[in-house]
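Okay, thanks everyone for coming. I've got one structure to walk you through today, and I'd like to talk about how a few of its pieces pack together.

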Amino acid sequence: MTKFDFASWPPALTREQLEALTLAATTYSLSHGLLYLPPAPTQPPAPTSAIHAPISLFPAPVPRRLFTEAVALQSVYNVLYARIAMDTEFLDSVMGAEVGVGRADEFVGTLWKGWKAIREEGVVQPLQLGLFRSDYLLHTESEGGSLSLKQVEFNTISSSFGTLSERAAAMHRHLHASTEYYGLSSHLTADNFPSNNTTAGLAEGLAQAHQHYGASGSRILFVIQPNERNVFDQRWLEYELLKTHDIHIIRQTFAQLATSATLSSPDRKLLVNGHEISTVYFRAGYVPTDYPDPSYYQTRFLLEKSRAINCPSIPLQLAGGKKVQEALTKPGVLERFLSDSKWGTQYNDEQLKRVRGTWMDMWALDEDDTDALSSVSAPSPPSSSSSPSPASTSSTEPAGVRRALAQHASLVLKPQREGGGNNVYKSSIPPFLATLPPAEREAWIAMALIVPPKSVSSYLVRAGAGGTEGAVRSEVISELGIFGWAVFGGGEVKGEKEVGWLVRTKGTESDEGGVAAGFSVLDSIVLV
Ligand code: ADP
Ligand code: MG
Ligand code: MG
């Protein structure tokens, strides 16, 4: 098999071909619910118009071997993160507010403290649900060297674009069926477009949790952000739940829940406007701005305190922290979750090696040389982070900071945040570190930059306020996400599944890549 030439992707189009494909792509998207609400200061409760989601005209090339591996690993990742969420001792040591990141990061600390108080009262939830997305970039080990797939992050809350990515894949399949892409590439054959059934798969995860809860007539609560524009991605799940599983959902913001949600006494059933809730699905609550004042946290804790299955629970949200991703790379930590017989199914060394094969080098900014060698299974005592230290000179800085300065050109720094736009890259790192208060170092991790294939292009189509702005050919990077779910509790994973994928493609001029944040477009895969 000859090596795929990424730099020659996609084939060049004539102006007529470009216009015809753009028309076919946008009209297909508008016809099939590949949609967004238009930007507006506020959305009316009953919208009267929509725009197509940002899309690409060609699917992104992904080597078949790497796609297959990412899909195969999802099951291990589902189990791994379910077990992390069930390991209170580990989460306390890594994310807690007494010895972990929760000291340095107020958002994490507030969530952890709320969870701890609920634990002390006694958790009544029988189970937890995770709808996950593991994100990857193609990585070039060395100039002209072979490609591998490296994990960017693992999302445990509000993993979005599942249902829209199914539609983006269907849109590319339609372009192929209707035009055969003008015979421009031998790679563009139906066999090379993998199937993508995220809607059924994600809804199945929610339905499983609902059935485990087992109260007839109960509903699933979608906790949403006010003025959400990505509503269709959520609505497709709602329609699937009703049509296939006969489950009704209720959509509410935290502000609405402040008055609509109550707990029954003494059994702590969650009631919203009188309806019993089986499962709480969060499409909000992952950023500090979702909690504009302390009463919003009280609402979150009320949901956590209830019997309803939370997707995610606070521990599962904490498990998705970048700090956990980094902690997993320390000696013995992956073994703690995958090879300890206390969890049931044990994974062999070969499987652990494959999981590790998806990781880039990561470390903590506050780590000194001895930390780098120790395992988090032995948490260190509280440090004196509360004592103010003066702006330190390089000789007194921890090894983690010195290493980040030395390697900044090939590094990204990440805080414990979701939703894009929070990271610090390359040349911005030294000035950032110069002003970062030492007590806040603990909230950040350093991660080696993944190096995707160079000079790959795509035709990107975005809808502006006045309609489609036309396709733009740009140099791009494509990020692959694999979806999965897990239902778990009491130390056991009751069920889990890999359920489809997503590709987001961004112009290389931006370091970040969120579709919702406006940096990238929805894409799909051509296996090469
Ligand atoms: P968030 O939870 O905010 O989405 P991510 O870890 O996914 O945070 O980082 C946001 C974006 O930054 C990613 O989508 C990717 O484009 C870029 N990015 C993150 N980590 C790396 C990395 N190690 N190498 C290259 N790009 C990265
Ligand atoms: Mg994320
Ligand atoms: Mg991300």
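So, helices H4 and H9 first, and keep in mind that this is a predicted model. H4 covers residues 106-121 and H9 covers residues 294-305; their axes come within 10 Å and cross at roughly 40°. That angle makes H4 oblique to H9. As for the hand, the crossing of H4 past H9 is right-handed.

Which residues make the contact? On H4 you have Thr 110, Gly 114, Trp 115 and Ile 118, and facing them from H9 are Tyr 297, Arg 300, Phe 301, Glu 304 and Lys 305. If you sort the residues of that contact by character, you get four nonpolar, two polar and three charged.

Okay, on to the sheet. It's an open one, four strands, and the order is E13-E16-E14-E15, with antiparallel pairing. Which strands stand at the edges? Those are E13, at 362-364, and E15, at 424-425. Each of them has a single partner strand, so one side of each has no neighbour in the sheet.

Let me zoom in on one of those edges. E14, residues 411-414, pairs with E15 over two bridges, in the antiparallel sense. If you want a spot to click on, look for Leu 413, which stands opposite Val 424 in E15.

Last piece: there's a helix lying across this sheet. That's H14, residues 399-406, and the strands it lies across are E13, E14 and E16, the last of these being 445-448. Relative to E13, H14 runs at about 135°.

That's what I had, happy to take questions.

Methods. Residues are numbered from 1 along each chain as its sequence is written. Chains are lettered from A and ligands numbered from 1 in the order in which they are written. This is a predicted model: local features need pLDDT of at least 70, side-chain atom pairs count only at pLDDT 80 or more; totals for chains, interfaces and linings use all residues. Axes are lines fitted to C-alpha atoms, for helices over the stretch in contact, and angles run from 0 to 180 degrees between N-to-C directions. Angles under 35 degrees count as roughly parallel, over 145 as roughly antiparallel, 65 to 115 as roughly perpendicular and the rest as oblique. A crossing is left-handed if the near helix is turned anticlockwise from the far one by less than a right angle, and right-handed if clockwise. Two residues are in contact if their C-beta atoms, placed from the backbone, lie within 7 Å. Ala, Val, Leu, Ile, Met, Phe, Trp, Tyr, Cys and Pro count as nonpolar, Asp, Glu, Lys and Arg as charged, and the others, Gly among them, as polar. Two strands pair if DSSP finds at least two bridges between them.
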